[in-house]
Amino acid sequence: MNFSVLSFVVAVLLVPHLEFGVDVERLWWGLPVVLPALLLPGARPMATFYLGLCVALAYLAAGLDARLPAALAGQTLAVTGVVSDLPHASPDVLNRGINKDSSKATEHWPGDVVRFRFRIEACTDCPVPLLLPMTVNLSSYQLATVRPGERWHLRVRLQRPRGSVNPGLFDYQGWLLAQGVAATGYVLSGERRGTSLVALHHQLRDWLRDRLQGALPSHHNDAGGGAAEADLAGLLLALSLGESQQISAAQWRVLSATGTNHLFIISGLHVSLVAALVLRLLHWLLGGLPAGRGLAFGLGLLLVLAYGGIAGFGVP
């Protein structure tokens with residue numbers, strides 16, 4: 001085992017659990033001593049541990065500095081940006097048959113909410129400068145349809161990321177920091193300003209989701225489909241596109257109780273299985289050709305990257 005690599009990883013994993021602040025700039029002062037120590041086998045694990053602390057703390061400090069300024073929390077802001085992820089909506093919103101060509105969406109529908117990730121590129125009335133581009137998570141009862149890559153002008157109210165600190169519970173604030181989300185909030189009103197080339201793989205996922213939902217049995221049933229068909233639709237979307245939000249709460253309880261919930265969240269396990277199957281198949285098809293092994297590896301890598309893109313390239 002390479003103890004130098006292990007000590008670096010331990011230092012990175014230790015930083016989120018520190019209960020006291022560390023001045024990152026003072027840690028940089030030790031680099032002239034630590035870097036030469038990398039050449040000494042006996043001192044190398046300690047040196048890599050120190051470097052791991054520097055890297056993790058610098059990343060943490062950059063994420064905290066990129067958050068929404070406290071002076072703008074709760075203020076109504078006019079921002080312009082792009083939808084940078086696959087939006088998630090309640091089934092009522094997705095199945096209403098809304099006019100997708102509408103450039104404005106201001107009708108209020110109680111109970112229907114659309115959640116999406118938005119990359120702010122400009123703020124027209126911010127009294128405090130923002131570190132742009134800024135990624136935020138938004139919820140809306142106002143926007144009828146939101147598509148990846150669309151450019152919108154929105155009036156929003158934002159809050160800094162926050163979450164509970166109870167031991168053993170999900171660290172929502174830490175998850176937002178790892179995702180690079182600088183604020184959360186909701187939309188007051190919005191106007192579509194066209195489309196862009198941002199998040200092309202999410203645009204492809206959105207197109208595939210529409211096609212899959214249109215082909216599933218529950219979407220051809222006038223009564224909205226039975227519970228079994230709806231449950232099947234959620235599982236298929238989770239396995240194919242990583243769209244686990246379509247799985248019902250009852251299904252999650254069953255999956256958690258049986259220990260199979262991780263199978264329906266696309267992760268490195270799924271990508272590894274797809275890579276192994278694809279590589280084996282390509283070796284069988286191209287093994288007899290000159291340089292067939294290299295060609296099979298190259299094609300397999302492209303196919304696996306395409307599968308990761310369809311799944312969203314999400315950070316766990």
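Where is proline 133 found? The legend to the second figure answers this for the predicted model shown here.

**Figure 1. The whole protein, a predicted model of 316 residues.** The fold holds eleven helices and six strands. Of its 316 residues, 36% count as buried. The accessible surface comes to about 18,400 Å². Carbon and sulfur atoms own 64% of that surface. Now take the contacts in the protein with a separation of 6 or more. Residues 24 or more positions apart account for 74% of them.

**Figure 2. Proline 133 and its cis peptide bond.** Proline 133 is found in the loop between strand S3 and strand S4. Strand S3 covers 114–123, and strand S4 covers 134–140. A cis peptide bond joins proline 133 to leucine 132. The omega angle of this bond is about -5 degrees.

**Figure 3. The disulfide of cysteine 123 and cysteine 126.** A search of the whole structure turns up one disulfide. Its partners are cysteine 123 and cysteine 126. Their sulfur atoms sit 1.6 Å apart. The torsion about the S-S bond is about 85 degrees, so the disulfide is right-handed. Both of these cysteines are buried. Another cysteine, cysteine 54, has a relative accessibility of 1%. Cysteine 54 therefore counts as buried.

**Figure 4. Threonine 80 in strand S1.** Strand S1 spans residues 76–83, and threonine 80 lies within it. The relative accessible area of threonine 80 is 16%. That value is under 20%, so threonine 80 is buried. The side chain of threonine 80 makes a polar contact with the side chain of histidine 153. The length of this polar contact is 2.9 Å. Leave out residues up to four places away in sequence, and threonine 80 touches Phe118, Arg119, Ile120, Glu121 and Ala122. Arg151, Trp152 and His153 are also on its list of contacts.

**Figure 5. Helix H7 and its buried residues.** Helix H7 runs over residues 200–215 and has 16 residues. From first C-alpha to last, H7 reaches 23 Å. This is close to the 22 Å expected at 1.5 Å a residue. Which residues of H7 are buried? They are His202, Arg205, Asp206, Arg209 and Gln213. These buried residues cover an arc of only 100 degrees around the axis, which puts them on the same side of H7. An α-helix has 3.6 residues a turn, so residues three or four places apart point the same way.

**Figure 6. Serine 7 in helix H1.** Helix H1 is made of residues 3–14, and serine 7 has its place there. Is serine 7 buried or exposed? Serine 7 counts as buried, because its relative accessibility is 12%. Setting aside residues up to four places away in sequence, serine 7 touches Pro45, Thr48 and Phe49.

**Figure 7. Glycine 42 in a loop between two helices.** The loop that holds glycine 42 runs between helix H3 and helix H4. Helix H3 covers 31–37, and helix H4 covers 44–65. The relative accessible area of glycine 42 is 74%. That value is over 50%, so glycine 42 is exposed. Along the chain, glycine 42 and serine 4 are 38 residues apart. In space, their C-alpha atoms are separated by 9.9 Å.

**Figure 8. Leucine 295 and leucine 303 in helix H11.** Helix H11 comprises residues 292–311 and includes leucine 303. Leucine 295 lies in H11 too. How does each leucine stand to the surface? Leucine 303 has a relative accessible area of 46%, so it is partly exposed. Leucine 295 counts as partly exposed at 42% relative accessibility. Beyond its neighbours within four places in sequence, leucine 303 is in contact with Val278 and Leu282. Leucine 303 and leucine 279 are 24 residues apart in sequence. From C-alpha to C-alpha, these two leucines are 9.5 Å apart. Leucine 295 and leucine 282 are 13 residues apart along the chain. The C-alpha atoms of leucine 295 and leucine 282 are separated by 8.5 Å.

Notes:
Residues numbered from 1 in each chain as written. Predicted model: local features only at pLDDT ≥ 70, side-chain atom pairs only at ≥ 80, totals over all residues. Heavy atoms only, no water. Disulfide = S-S within 2.5 Å. Buried < 20%, exposed > 50% of the residue type's maximum accessible area, 1.4 Å probe, protein only. Helix = DSSP H or I, 4+ residues; strand = E, 2+ residues; numbered from the N terminus. Contact = heavy atoms within 4.5 Å. Polar contact = N/O pair within 3.5 Å; in protein donor to acceptor, adjacent residues only side chain to side chain. Expected span 1.5 Å × (residues − 1). Arc of directions from axis to C-beta. Areas by Shrake-Rupley, 256 points an atom, 1.4 Å probe, with all protein chains shown as cover.
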